2 protein chains.
Amino acid sequence: MSVERPRAATIEDVAQVAGVSRAAVSKVLRDAYGVSDAMRERVTAAMTQLNYRPRIAARAMRGRTYTLGIELPDLANHFFARIARGATGALEGTPYQLIIAPAEAGSREGLRALEALVDRQVDGVIAVSPRVDEAGLERISASVPVVMFGRHDTSDRYDVVAGDDASGAKAAMRHLLGLGHQHIAHLTLQESGAHEPFPHGVRLHEYEAAMAAAGLTGNAVVWRTDEGETPSYGVVRRMLEAGTPVTAVFAAHDELAFGAMRAAAEAGVPLAVVGYDDVPMASHPALGLTTVHQPGEAMGARAVQMLLERFAGRTEPAREIFDVELKVRTSAGAPPA
Amino acid sequence: MSVERPRAATIEDVAQVAGVSRAAVSKVLRDAYGVSDAMRERVTAAMTQLNYRPRIAARAMRGRTYTLGIELPDLANHFFARIARGATGALEGTPYQLIIAPAEAGSREGLRALEALVDRQVDGVIAVSPRVDEAGLERISASVPVVMFGRHDTSDRYDVVAGDDASGAKAAMRHLLGLGHQHIAHLTLQESGAHEPFPHGVRLHEYEAAMAAAGLTGNAVVWRTDEGETPSYGVVRRMLEAGTPVTAVFAAHDELAFGAMRAAAEAGVPLAVVGYDDVPMASHPALGLTTVHQPGEAMGARAVQMLLERFAGRTEPAREIFDVELKVRTSAGAPPA
DNA sequence: TTGAAAGCGCTAACAG
DNA sequence: CTGTTAGCGCTTTCAA
């Protein structure tokens, strides 16, 4: 006994029931010009009766898919969930639907996810992994509008939404230095380079600059970890046990910061920790993570808006840098005397 | 000299460059039967040269889209990220791509997201919001294989992956009662009903049963909250300040549990908390949330596997219930004497 | 204001 | 083993 998969209603069926042509139905569907109220009504009735749903794939062959794609590097990082929520919210009331392509870590993966989205003919894409290579990005932005998150270089190929990473990192370092810390480590991902115009690159650069400005270049240490709280924990734990003389750590994002806090707690070492992003758990009283707040929802919403503007005809590249704000909580106190 | 926007290569272009027919290219593409090595090579070369990427939309008109869709109710809940990660992992090495449709709370939203996926012709869907109405589900499962998460009823229309919610909830309650608590509240979402075959329904039911079995029916209290840590915090805070005489709370999932812990900490009230899911932060030493571990990755991977089995021809419904395990940590101690 | 008809890029019979 | 051909369900000129 095999499962019957009855053919769903097509535009042709609707046309027949309504006693009109396919073209007419299509026009009603797209709210196109030149349809009488009477016809609209009959067609609408037929659509309801048949429970008609247009096939996006068929539309894609000629026109739009009414689908926006967002590529996310790490679902486990709550900051990205915020961006996605903001993007979804901004789409409410529009005919567009957001789909997410998970990327796992790595620049190659980011590109792969982006291409999967393009293959599926999304009308626009939002790329959150910053480390997508230029060639790939060029290819993609040739066929669909792109909004890149967090890039601090400029391009006329894509729009940009970013946080003010320089200010944020400066504020974080100012806080730690102001507390009297002299041995501050920076915890970042494997691939980040201080010369790169990506969020972690900028944060790393500002860390080094701040240490230098404080005359502490000799104390600067950069700890590198794979993505995620657990790898971060492992790295910091190892460093702490190796006796690295550090009293504070500035983590490139909150998940890494949580890992550092876990390591310090388990190793029984006092460690001031500052994070970045301000994910919801950061403000939990048991954690009290001092961190740099980024308005994730607003940033996601703005990215969507930029795409909609492109559809509406904008051709010059847009670019918006969001303000960030240091949230001082309990995770970073003064160093032991 | 105007810049021609290059039309992306089609199967026709590849055929011309390789000097073969479209059908031949299509066969190479799909690894279909009856292609000589020589032809395969020429075609592959042409594809690389033109940087050819098949248009999923065009394929969708005739065959598969090589796309699986998963609908997720709450990106902010880390447990769902785990499911998605497991699903993505299980797809590695297959030609399939996973896309995520975010749903926001509510059964209507879950259905909407599912339909958006179906409109986009995914080859199979995984539904994580359990509260999708039967009529909608019937319609959907008529056109595409469906795996439902967490449903404890049986159906011949869709496959099921779930955790053993009855055992998990029993273990949670046994723990709290064993510690000597007599005033235990259950914290759950607005809509959950103890008669419903959904995860939260079962957990609620087991809570009531355990209280009754301990002769504590008179002490049973169910707190209801909207989705998320913040609403949970608000509800618990209000209850605590109203002086509800409670020494412990069994939360329907970890995010709610974190909200309860935050409320207790801020209200300065000692409160034993047990959660459900075991999201990564639960094991952080600053939190130490006692909770019921569900193997999210394995569950996501199994759901994907069920879909692949359907594609391979399975017609009888499948169903797998995963074991869960109570993780005892520090968040739930004995009640004050 | 409406409809006929020509594709969009691909797959899958079917012929050769 | 390879090519020809007929659509899949839509949108979009272009006539009527």
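## The nonpolar cores

Let's start inside. The largest nonpolar core counts 105 residues. Its best-connected members, going by contacts within the core, are A:Ile126, A:Trp223 and A:Phe258, along with B:Ile126, B:Trp223 and B:Phe258. Keep in mind that this is a predicted model.

Take a look at A:Trp223. Leaving aside residues up to four places away in sequence, A:Trp223 touches a whole list of others, including A:Ala185, A:His186, A:Leu187, A:Val235, A:Met239 and A:Val249. There's also a second, separate core, made of 39 residues, and among them are A:Ile99, A:Tyr158, B:Val146 and B:Ala162.

## The largest cavity

Now for the empty spaces: the structure has four cavities of 30 Å³ or more. The largest one has a volume of about 210 Å³.

What surrounds that space? Its lining has 21 residues, and the ones nearest the centre are A:His78, A:Met281, B:Ala76, B:His78 and B:Glu255. Helices H5 (78–91) and H11 (254–267) of chain A each supply at least two lining residues, and so do helices H5 (78–91) and H11 (254–267) of chain B. Sorted by class, the lining comes out as 14 nonpolar, four polar and three charged residues.

## The second largest cavity

Next up is the second largest cavity, with about 170 Å³ of space. Here 16 residues form the lining, with A:Ile56, A:Ala57, A:Arg120, B:Ile56 and B:Arg120 nearest the centre.

Which helices pitch in with at least two lining residues each? They are helix H4 (56–62) of chain A and helix H4 (56–62) of chain B. This lining splits into ten nonpolar, four polar and two charged residues.

Technical notes:
Residues are numbered from 1 along each chain as its sequence is written. Chains are lettered from A and ligands numbered from 1 in the order in which they are written. This is a predicted model: local features need pLDDT of at least 70, side-chain atom pairs count only at pLDDT 80 or more; totals for chains, interfaces and linings use all residues. Side-chain values use heavy atoms; hydrogens and water are left out. A nonpolar core is a set of buried Ala, Val, Leu, Ile, Met, Phe, Trp, Tyr and Cys residues joined through side-chain atoms within 4.5 Å. Buried means under 20% relative accessible area, exposed over 50%, partly exposed in between (1.4 Å probe, protein chains only). Contact means heavy atoms within 4.5 Å. On a 1 Å grid over the protein atoms alone, a cavity is a set of points where a 1.4 Å probe fits but cannot get out, and a pocket is an open set with protein on both sides within 12 Å along at least five of seven lines; lining residues have an atom within 4 Å of a point. Grid points are joined across faces, edges and corners, and a volume is the space filled by probe spheres set on the points. Helices (H or I, at least four residues) and strands (E, at least two) are DSSP runs, numbered from the N terminus. Ala, Val, Leu, Ile, Met, Phe, Trp, Tyr, Cys and Pro count as nonpolar, Asp, Glu, Lys and Arg as charged, and the others, Gly among them, as polar.
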